[in-house]
Amino acid sequence: MAKAKSLHICGECGYKASKWIGKCPECGEWGTFQEEMEIKTGNGISKNPTSLLETKKKVFSFNDVVVDENFRYKSNISEFDRLLGGGLVIGEVVLITGNPGIGKSTLLLQLVNEYTKYGDVLYISGEESPMQIKNRGERLGVGNKNLFLMSETEMQVIYEYISAKKPKVVVIDSIQTIYNASYDSMAGNPTQIRECALRIVELAKTLNISFFIVGHITKDGKLAGPKLLEHIVDAVFSFEGEEGLFYRILRSSKNRFGSTNELAVFSMEESGLKEVKNSSEFFLSEREEKNIGSMVVPILEGTKVFLLEVQALLTDMTIGIPKRVVQGFDRNRIQILIAIGEKRMGMSLGAKDIFINIPGGIVMKDPAADLGVLISLISIYRGIPISQKIAAIGELGLRGEVRKVFFIDRRLRELEKLGFKGVYVPLSNKKEIEKNNYNLKLIYLKNLDEVIERMV
Ligand SMILES: Nc1ncnc2c1ncn2[C@@H]1O[C@H](COP(=O)(O)OP(=O)(O)OP(=O)(O)O)[C@@H](O)[C@H]1O
Ligand SMILES: [Mg+2]
């Protein structure tokens with residue numbers, strides 16, 4: 001007979017305890033334990049006495065494993081396929097997260113329409129009715145006899161339907177609305193999310209069905225649910241930015257079948273999300289010939305180069321402590337760059353409010369942006385205009401030395417492609433640069449103090 005047992009489960013890592021505890025002994029998080037009723041239908045020992053035979057069916061010799069020709073499903077959204085690492089792998093589970101209204105359901109509906117060329121596709125929504133989905137689909141130009149819509153939230157029903165019908169691709173929109181009736185807790189609860197996700201992964205891996213799972217995020221931008229969810233899925237893609245922006249940035253923070261930290265830019269239009277292939281042009285539009293306090297930097301995100309504009313502004317401090325307002329760049333890194341600027345370039349910034357902004361909503365993590373950030377600060381501090389056809393590449397050391405960067409060739413090619421005339425580059429990259437020809441004026445810097453005399 002089924003037995004109900006009260007358990008306290010950590011929402012972060014899934015650690016189980018018989019009584020409530022404040023701090024999880026497994027992951028160290030505080031206040032994450034919630035009481036759950038767990039219904040056990042057995043003693044944990046397999047009921048099937050011939051289970052060894054069953055187990056053997058799950059074990060394959062490496063040489064006998066057959067790789068399907070259509071190992072990756074392709075869509076017509078090539079930027080999304082690039083993010084996946086060349087298409088959606090059969091049996092892959094992809095988690096898509098982002099702020100409300102950012103475009104998760106829109107993108108998935110556009111994608112699944114594409115995957116119908118490989119067979120049946122099932123879109124399960126616990127948030128919208130088939131009519132609402134169809135309504136959106138018609139606006140997006142979606143429609144196919146292989147596309148099936150299901151409005152369901154109970155995991156067992158979903159599990160049985162998928163096991164019987166075996167569609168090629170399934171969308172679960174969203175994991176927070178699905179629940180497993182064996183657990184006495186509401187949908188969206190960490191235990192429910194974990195249990196449902198485990199069942200989805202089991203379906204994906206045993207039946208070779210690819211899944212997209214939509215995951216909502218909390219106010220502070222974290223995935224609403226246990227950390228385990230990110231561990232068990234194959235890829236995690238997150239929409240960055242806010243709903244109001246015209247364009248949406250999708251970043252891969254985990255990918256078992258492709259490189260991580262890849263970025264793809266989309267614009268939100270009436271007919272759905274459109275990929276922005278020439279994203280550098282996109283971020284650099286509306287610029288003047290010469291500008292004070294702005295510099296272009298070629299940033300590597302994953303394997304792709306993006307040209308971004310760094311903007312700096314200084315004002316006299318009014319009261320209290322000086323402000324350091326930073327958008328799109330690491331705040332601690334800016335503090336280091338300010339210290340380098342003060343010590344090595346003689347800038348007096350103690351009584352200034354400093355504002356650094358990277359327009360477009362991208363958060364730069366590449367240290368090769370250092371030089372560009374500092375040059376824009378010098379430019380605004382000294383009132384020196386900089387040509388907007390010049391860019392800067394280089395990481396800065398505390399002595400003011402301009403350090404070597406990786407993938408210099410890709411960065412220079414992107415600048416060339418977009419009609420840039422020149423670029424500040426680290427002297428330590430010279431050997432590598434001279435192996436190729438670039439239609440760019442190369443301004444080599446060993447140290448930051450050479451910048452002023454060479455500013456163009
Ligand atoms: N007619 C339209 N023209 C242009 N954009 C539209 C139109 N209708 C909706 N949108 C855009 O689609 C967005 C909603 O997208 P979608 O429903 O896919 O988001 P979501 O991430 O799934 O949201 P949620 O988390 O609430 O489910 C809106 O914010 C809006 O920007
Ligand atoms: Mg949605």
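Visitor: How much of the protein counts as buried, and what makes a residue buried?

Guide: In this predicted model, 39% of the 456 residues of the protein count as buried, and a residue earns that word if 20 or more other C-beta atoms lie within 10 Å of its own.

Visitor: What makes strand 16 largely enclosed by the rest of the structure?

Guide: Strand 16 covers residues 294-301, and eight of its eight residues are buried, so the strand is largely enclosed by the rest of the structure. Ser-294, Val-296, Pro-298 and Leu-300 point one way, while Met-295, Val-297, Ile-299 and Glu-301 point the other way, and all are buried. This fits a general pattern, in which the side chains of a regular strand alternate between the two faces of the sheet.

Visitor: How do you know that strand 16 and strand 17 pair?

Guide: Pairing asks for at least two bridges between two strands, and eight bridges join strand 16 to strand 17 (residues 304-316), so the two strands, which run antiparallel, do count as a pair. Within this pairing, Val-297 stands opposite Leu-308 in strand 17. The two strands form a hairpin with two residues between them, and Gly-302 in the turn has a positive phi of about 65°.

Visitor: Why are the buried residues of helix 9 said to lie on the same side?

Guide: The buried residues of helix 9 are Ile-334, Leu-337, Ile-338, Ile-340 and Gly-341. They cover an arc of only 160° around the axis, which puts them on the same side of helix 9. As a general rule, an α-helix has 3.6 residues a turn, so residues three or four places apart point the same way. On the other side of helix 9, Asn-332, Ala-339 and Lys-343 are exposed, whereas the buried residues pack against strand 18 (324-327), strand 19 (352-357), helix 10 (370-382) and strand 22 (395-396).

Visitor: How do you know that the reach of helix 9 is close to the expected one?

Guide: Helix 9 (residues 331-345) has 15 residues, and its reach of 20 Å from the first C-alpha to the last is close to the 21 Å expected at 1.5 Å a residue. Just after the helix, Gly-346 takes a positive phi of about 65°.

Visitor: Which residues come nearest to ligand 1?

Guide: Of the 14 residues around ligand 1, Gly-101, Lys-104, Ser-105, Thr-106 and Glu-270 come nearest. Helix 3 (104-115) and strand 13 (263-269) are the elements that give two or more residues to this shell, and the largest share, three residues, comes from helix 3. By class, the shell has three nonpolar, five polar and six charged residues.

Technical notes: Residues are numbered from 1 along each chain as its sequence is written. Chains are lettered from A and ligands numbered from 1 in the order in which they are written. This is a predicted model: local features need pLDDT of at least 70, side-chain atom pairs count only at pLDDT 80 or more; totals for chains, interfaces and linings use all residues. A residue is near a molecule or strand if its C-beta atom, placed from the backbone, lies within 6 Å of it. Helices (H or I, at least four residues) and strands (E, at least two) are DSSP runs, numbered from the N terminus. Ala, Val, Leu, Ile, Met, Phe, Trp, Tyr, Cys and Pro count as nonpolar, Asp, Glu, Lys and Arg as charged, and the others, Gly among them, as polar. A residue is buried if 20 or more other C-beta atoms lie within 10 Å of its own, exposed if 12 or fewer, and partly exposed in between; C-beta atoms are placed from the backbone. The expected span of a helix is 1.5 Å times one less than its number of residues. The arc is that of the directions from the helix axis to the C-beta atoms. Two residues are in contact if their C-beta atoms, placed from the backbone, lie within 7 Å.
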